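Reader: I am in my first year and still learning to read a protein model. Could you take me slowly through one part of this one, the sheet and what surrounds it?

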Amino acid sequence: MQTEPIEYEIGLYPRGPNSCQWKIWPKAGGTPVATGVERNWADAQKASQRAKERLLAKG
């Protein structure tokens, strides 16, 4: 049995003056499958990309 690959969407949200929150959830909808908080926007982008790559590798 073969399943379709799940596509994920990344959202970045400011969280106060010194941090940024990121969330990853399926494009089909539902609850976030991964979240995190980083010091700045650039770190949040890097961390969310790494998390997304791990999710895609899991299948």
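Author: Let us begin with one pair of strands: β2 and β3 are joined by 5 bridges and run antiparallel, where strands are DSSP runs of E with at least two residues, numbered, like helices (H or I, at least four residues), from the N terminus, and two strands pair if DSSP finds at least two bridges between them. This is a predicted model, in which local features need pLDDT of at least 70 and side-chain atom pairs count only at pLDDT 80 or more, while totals for chains, interfaces and linings use all residues. Residues are numbered from 1 along each chain as its sequence is written, and side-chain values use heavy atoms, with hydrogens and water left out.

Within this pairing, Cys20 stands opposite Glu38 in β3. The whole sheet is open and has 3 strands in the order β1-β2-β3, paired antiparallel. Because β1 (8–14) and β3 (34–38) stand at the edges with a single partner strand each, one side of each is left without a neighbour in the sheet.

Cys20 also belongs to the largest nonpolar core, which has 9 residues, including Trp22, Ile24 and Ala44; such a core is a set of buried Ala, Val, Leu, Ile, Met, Phe, Trp, Tyr and Cys residues joined through side-chain atoms within 4.5 Å, and buried means under 20% relative accessible area, with a 1.4 Å probe and protein chains only. Both β2 (20–26) and α1 supply at least two residues of this core, and the largest share, 4 residues, comes from α1.

Asp43 lies in that helix, α1 (residues 41–58), and Asp43 is buried, with a relative accessible area of 19%.

Terms used: Buried < 20%, exposed > 50% of the residue type's maximum accessible area, 1.4 Å probe, protein only.
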